[in-house]
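Here are my notes for your first look at this one. Keep the 3D view open and click through the residues as you read.

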Amino acid sequence: MLLISRPALDLLTSEELQALAAHEIGHEYISGQYADAKARKDARRLRELELICDGIAIVTLTRLGIEPERLGSAVEKVFWYNRGRLGEALDADNYRSVQERRRLIKKMTSNPPSKPLFQRRKP
Ligand SMILES: [Zn+2]
């Protein structure tokens, strides 16, 4: 189940909501690892896992024909909305910065890729 707040509905475009939903779907793939990292209070691993969810979202959005940058604009809007209303999040250490998340989007969508994300092994 995915709950969407009223302010998010007002703040975000349809594609930005889809981008955040794609990120949340990413959590389904790594839920066990995420729970382990959270139980260990391993902020570094939690940040890595959040970025993996962004990667899953970027692939999903690309396949749906939605500009992956919608994830970047959504993350930035939500960050500044929350910062303005609530101040700095208590669990901020568990998340990548907006800039880092946008760098991943750029890296994964640059054409040709600025640097290969994976290397194919030579036979
Ligand atoms: Zn997440």
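**Notes on the helices and a few residues**

1. Let's start with helix 4, residues 43-64. This helix has 22 residues, and the distance from its first C-alpha to its last is 31 Å. At 1.5 Å a residue you would expect 32 Å, so the model comes close to that value. Just after helix 4 sits Gly65, with a positive phi of about 80°.

2. Before going further, remember that this is a predicted model. The average pLDDT for the protein is 89, and 90% of the residues score at least 70. Among the elements, helix 2 (residues 14-29) has the highest mean pLDDT, at 97, while helix 6 has the lowest, at 92.

3. Back to helix 4: which of its residues are buried? They are Leu46, Leu49, Glu50, Asp54, Ala57, Ile58 and Leu61. Notice that Glu50 and Asp54 are on that list. What covers these buried residues includes helix 2, helix 3 (31-39), helix 5 and helix 6.

4. Now look at Ala19, which you'll find in helix 2. Is Ala19 buried or exposed? It counts as buried, because it has 29 C-beta neighbours inside 10 Å, and the cut-off for buried is 20 or more. Leaving out neighbours within four places in sequence, Ala19 is in contact with Ala57, Leu61, Ile66, Arg70, Leu71 and Ala74. Two of those names, Ala57 and Leu61, also appear among the buried residues of helix 4. As a distance to try yourself, go from Ala19 to Gly87: they are 68 residues apart along the chain, and their C-alpha atoms are separated by 24 Å.

5. Next, the pairing of helix 5 (residues 69-86) with helix 6 (residues 98-109). They pack at an angle of about 175°, and their axes are 9 Å apart. That angle makes helix 5 roughly antiparallel to helix 6. On the helix 5 side, the contact is made by Glu69, Leu71, Gly72, Val75, Glu76 and Phe79. Helix 6 brings Val98, Arg101, Arg102 and Ile105. By type, the residues of this contact are five nonpolar, one polar and four charged.

6. Between those two helices there is a loop, and Ser97 lies in it. Ser97 has 12 C-beta neighbours inside 10 Å, so it counts as exposed; the cut-off for exposed is 12 or fewer. How far is Ser97 from Glu76 in space, C-alpha to C-alpha? The answer is 9.4 Å, although the two are 21 residues apart in sequence. Glu76 is one of the helix 5 residues in the contact with helix 6.

7. Helix 3 is where to look for Tyr34. With 20 other C-beta atoms within 10 Å, Tyr34 is buried. Not counting residues up to four places away in sequence, Tyr34 touches His27 and Leu49; Leu49 is also one of the buried residues of helix 4. From Tyr34 to Arg101 you cover 67 residues along the chain, and their C-alpha atoms are separated by 18 Å.

8. Where does Lys41 lie? It is in the loop between helix 3 and helix 4. Lys41 is worth a click: its phi is positive, about 55°, although it is not a glycine. With 10 C-beta neighbours inside 10 Å, Lys41 counts as exposed.

9. Last stop: Leu3, in the segment before helix 1 (6-11). Leu3 has 6 C-beta neighbours inside 10 Å, and therefore it counts as exposed. In sequence, Leu3 and Ala21 are 18 residues apart; in space they are 9.7 Å apart, C-alpha to C-alpha.

Terms used:
Residues numbered from 1 in each chain as written. Predicted model: local features only at pLDDT ≥ 70, side-chain atom pairs only at ≥ 80, totals over all residues. Axes fitted to C-alpha atoms, helices over the stretch in contact; angles between N-to-C directions. Helix = DSSP H or I, 4+ residues; strand = E, 2+ residues; numbered from the N terminus. Parallel < 35°, antiparallel > 145°, perpendicular 65-115°, else oblique. Contact = placed C-beta atoms within 7 Å. Nonpolar A, V, L, I, M, F, W, Y, C, P; charged D, E, K, R; others polar. pLDDT = per-residue confidence, 0-100.
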